[in-house]
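I opened this entry to record what I looked up, residue by residue and then strand by strand. The structure comes before the notes.

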Amino acid sequence: MGTNKTILKTSDWVKGKSRHDELIIGFIDSMNVLKEAVNVTVVESDNEEMIGLTIPMSVHQVEIIPESDTKDAAQLGFLIDLALATDDKEWFQELSAQLNAKKETVN
């Protein structure tokens, strides 16, 4: 995908292409800095069999997806489900607070 000028870290959302040229969108589950490798948990892919798998990728195969400042209620709901599925309590609480704040501004 090109050179990575941004430092990657665990939980970053990334996109890239697998060895078999499949589009992958997911988040970094773990890293091996010495081998310049990341393990990406696949959330979206043009190969549906990849979804839900954690696959090893080179840091040169992925690029960070910039975080959107504004998320609608549906996006927050999807991310809350993902936080529950990945057992990420801190992220779940953060997203729930964002969703509650969004609901309060609507009321």
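**Entry 1: D87.** I began with D87 in this predicted model and asked whether D87 counts as buried or exposed. Its relative accessibility is 70%, and the cut-off for exposed is over 50%, so I logged D87 as exposed. D87 lies in the loop between α1 (73–85) and α2 (89–106). I also noted its backbone: phi is positive, about 60°, although D87 is not a glycine. Most residues other than glycine have a negative phi.

**Entry 2: other positive phi values.** I looked up S11 next, in the segment before β1. Its phi is near 85°, a positive value in a residue other than glycine. S11 has a relative accessible area of 46%, so I put it down as partly exposed. Two hairpin residues went on the list as well. D21 takes a positive phi near 65° in the hairpin of β1 and β2, where 5 residues lie between the strands. E36 takes a positive phi near 50° in the hairpin of β2 and β3, where 4 residues lie between the strands.

**Entry 3: overall layout.** I counted elements and found 2 helices and 5 strands in the protein. Along the sequence the pattern reads β-β-β-β-β-α-α. The protein has 107 residues, of which 30% count as buried. I took the exposed surface as about 7,400 Å², with carbon and sulfur atoms supplying 53% of it. For contacts between residues at least 6 apart in sequence, I noted that 37% join residues at least 24 apart.

**Entry 4: the sheet.** In what order do the 5 strands stand in the sheet? I read it as β4-β3-β2-β1-β5, an open sheet with antiparallel pairing. β4 (54–58) and β5 (62–64) are at the edges; each has a single partner strand, so one side of each has no neighbour in the sheet. On average, neighbouring strands of this sheet are turned by 45° against each other, direction ignored.

**Entry 5: strand pairs.** I checked the bridges on both sides of β2. Strand β1 (residues 13–17) runs antiparallel to β2 (residues 23–32), and 5 bridges join them. β2 also runs antiparallel to β3 (residues 37–45), with 8 bridges between them. I then went through individual partners. G16 stands opposite I24 in β2. F27 in β2 is the bridge partner of W13, and F27 also stands opposite T41 in β3. I can therefore follow a row across three strands from W13 through F27 to T41.

**Entry 6: T41.** The row led me to T41, which is found in strand β3. Is T41 buried or exposed? At 12% relative accessibility it is under the 20% cut-off, so T41 counts as buried. Leaving out residues up to four places away in sequence, I listed its contacts as I25, G26, F27, D29, L53 and T54. With T54, one of these contacts, the T41 side chain makes a polar contact, side chain to side chain, of 3.0 Å.

**Entry 7: salt bridges.** How many salt bridges does the structure hold? I found 2. Side chains of opposite charge can pair when their charged atoms come close.

- K9 forms a salt bridge with D12, and their closest N and O atoms are 3.1 Å apart. I checked the burial of D12 too: its relative accessibility is 9%, so D12 counts as buried.
- K15 and E63 meet through their side chains in a salt bridge of 3.9 Å, N to O. This pair links distant parts of the chain, with K15 in strand β1 and E63 in strand β5, 48 residues apart. K15 has a relative accessible area of 35% and is partly exposed. E63, at 28% relative accessibility, also counts as partly exposed.

Definitions and conventions
Residues numbered from 1 in each chain as written. Predicted model: local features only at pLDDT ≥ 70, side-chain atom pairs only at ≥ 80, totals over all residues. Heavy atoms only, no water. Pairing = 2+ DSSP bridges. Axes fitted to C-alpha atoms, helices over the stretch in contact; angles between N-to-C directions. Buried < 20%, exposed > 50% of the residue type's maximum accessible area, 1.4 Å probe, protein only. Polar contact = N/O pair within 3.5 Å; in protein donor to acceptor, adjacent residues only side chain to side chain. Contact = heavy atoms within 4.5 Å. Salt bridge = Lys/Arg side-chain N within 4 Å of Asp/Glu carboxyl O. Areas by Shrake-Rupley, 256 points an atom, 1.4 Å probe, with all protein chains shown as cover.
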